[in-house]
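Here are a few exercises to work through with the model open beside you. Try each task before you read its solution.

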Amino acid sequence: MPTLFDTYQVDPGRYNEIFAADGSVHPHWHRFASTLQTMTAGQMQERADLVAQQIHENGVTYNVYADPQGVNRPWRLGPVPNLIPAEQWQVLADGIAQRATLLNAMLGDIYGEQQLISNGLIPAELIYGHTNFLRPCLGIKPPHNTFLHVYAADVARDAKGQWWIMADRTQTPSGAGYALENRQIIARAFPELYRQLKVQSLTDYFLILRQTLARLAPNSGEQPLMVLLTPGRFNETYFEHIYLARHLGIPLVEGYDLTVRNSVVYLKTLNGLKREIGRASC
C-alpha cells in the first residue's frame with residue numbers, strides 16, 4: 001500500500017526535521033513517522049480538515065493590514081507538528097534565557113549609567129535616534145530591575161541542524177496564545193500520539209507570566225488589578241489578546257477603558273473606577 005512518504009523528496013542542502021542525511025528517520029520521530037506511514041492520503045486529509053474546522057469553530061484569526069481578505073483572516077495551521085527532543089529543547093531554552101538576561105541588562109544600562117555608550121560598545125546615535133527610545137524613562141528603576149518582561153526569539157536551523165537566533169523580539173512579542181491554541185488543536189487531531197509522546201505542557205509559562213505581572217505591580221497591601229491592554233479589534237493579533245486575557249483571567253481593555261486621576265491609573269467599570277496597578281500591553 002502506498003504511504004505518504006513515497007513521493008517525499010529530501011533536499012540534501014537543508015536540514016530535514018524528520019529524515020537524517022542517510023534517509024533514516026530521526027529517533028524522536030520514529031513513533032510519529034510510523035503513524036504517518038500507516039495513513040492514506042484520504043485519512044491525512046481528514047486530520048487536516050479537522051484542524052481547519054477547529055480553527056473556524058474557535059475563531060482563530062490573524063489580521064494582516066491592507067489584506068484583501070480584510071479582518072478575521074483564518075489562522076493557518078498544518079496537521080503535522082514539529083517535534084523537538086527534550087534534551088535538545090533544553091539547550092535551546094537555556095540559550096534563549098541567557099540572551100533574555102543579557103538584553104535586560106542592556107536595557108538597564110541604556111536607561112541607567114549608559115556605560116555601553118560611554119565605552120563605545122553601542123553608538124549613541126543608535127539609541128538616541130531610535131523612535132522607540134523613551135527619554136522620560138532615563139534613570140527609571142523598575143521593580144526587581146526587570147526592564148524586559150516578555151521576550152521571544154526567531155530561531156532557525158542551518159543545513160547541519162544547528163540552531164541560530166535570527167531576530168530578537170522585545171516589544172511585547174505575540175505568539176504565546178497561538179502556540180497554546182496550536183498545541184490544543186493538534187492534540188485533538190492526534191490524541192493517541194499526543195499522550196504517548198508525553199508532550200511538555202505550556203501551562204507553566206502562563207502561570208509564570210501571571211505571577212510576574214503580580215510581582216511587578218506596585219504593592220500597597222491590596223490585590224493587584226491586572227489588565228491586558230490591546231489596540232483593538234483591528235490589530236493583527238487581536239484574537240490572541242482575547243485568548244490570553246481569558247486564559248490569564250484578567251480584563252481585556254482598550255485605552256478608553258482607562259483614566260488617570262491624580263497620577264493614578266483607574267479602570268472604568270459599571271461599578272465605578274477601580275485602581276489599576278498591573279498591566280500587560282499587546
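Before the first exercise, a word on terms: two strands pair if DSSP finds at least two bridges between them. Helices (H or I, at least four residues) and strands (E, at least two) are DSSP runs, numbered from the N terminus. The model is predicted, so local features need pLDDT of at least 70 and side-chain atom pairs count only at pLDDT 80 or more, while totals for chains, interfaces and linings use all residues. Residues are numbered from 1 along each chain as its sequence is written, and side-chain values use heavy atoms, with hydrogens and water left out.

**Exercise 1. Get your bearings: how many helices and strands does the protein chain have?**

Step 1. Count the elements: the protein chain has nine helices and eight strands.

Step 2. Now look at the extent. Along the principal axes, the C-alpha atoms of the protein chain fill a box of roughly 75 × 55 × 40 Å.

Step 3. Check burial (buried means under 20% relative accessible area, exposed over 50%, partly exposed in between, with a 1.4 Å probe and protein chains only). Of the 282 residues in the protein chain, 30% are buried.

Step 4. Turn to contacts, meaning heavy atoms within 4.5 Å. Take those in the protein chain between residues at least 6 apart in sequence: 58% of them join residues at least 24 apart.

**Exercise 2. Work out the strand order in the open sheet that three strands form.**

Step 1. Start with strand 5 (residues 258-261) and strand 6 (residues 264-269): they run antiparallel and are joined by four bridges. Val260 sits opposite Val265 in strand 6, and Leu258 has Leu267 as its bridge partner there.

Step 2. Look at the turn. Strands 5 and 6 make a hairpin with two residues between them, and Asn262 in that turn has a positive phi of about 55 degrees.

Step 3. Carry on to strand 7. Four bridges also tie strand 6 to strand 7, again antiparallel, with Arg275 in strand 7 as the bridge partner of Tyr266. This pair is a hairpin too, with two residues between the strands.

Step 4. Put it together: the order is 5-6-7, in an open sheet with antiparallel pairing. Strand 5 and strand 7 (272-275) stand at the edges with a single partner strand each, so one side of each has no neighbour in the sheet. On average, neighbouring strands of this sheet are turned by 45 degrees against each other, direction ignored.

**Exercise 3. At what angle do helix 8 and helix 9 pack?**

Step 1. Fix the convention: axes are lines fitted to C-alpha atoms, for helices over the stretch in contact, and angles run from 0 to 180 degrees between N-to-C directions.

Step 2. Read off the geometry. Helix 8 (residues 203-216) packs on helix 9 (residues 238-248) at about 80 degrees, and the axes are 10 Å apart.

Step 3. Classify it. Angles under 35 degrees count as roughly parallel, over 145 as roughly antiparallel, 65 to 115 as roughly perpendicular and the rest as oblique. Helix 8 and helix 9 are therefore roughly perpendicular.

Step 4. Find the residues that touch: Phe206, Leu209 and Arg210 in helix 8 meet Leu244, His247 and Leu248 in helix 9. By class, this contact has four nonpolar, one polar and one charged residues. (Ala, Val, Leu, Ile, Met, Phe, Trp, Tyr, Cys and Pro count as nonpolar, Asp, Glu, Lys and Arg as charged, and the others, Gly among them, as polar.)

**Exercise 4. Which residues of helix 1 are buried?**

Step 1. In helix 1 (residues 30-37), the buried residues are Phe32, Ala33 and Leu36.

Step 2. They span an arc of only 95 degrees around the axis, which puts them on the same side of helix 1. The arc is that of the directions from the helix axis to the C-beta atoms.

Step 3. See what they face: the buried residues of helix 1 pack against helix 2 (41-58) and helix 7 (191-196).
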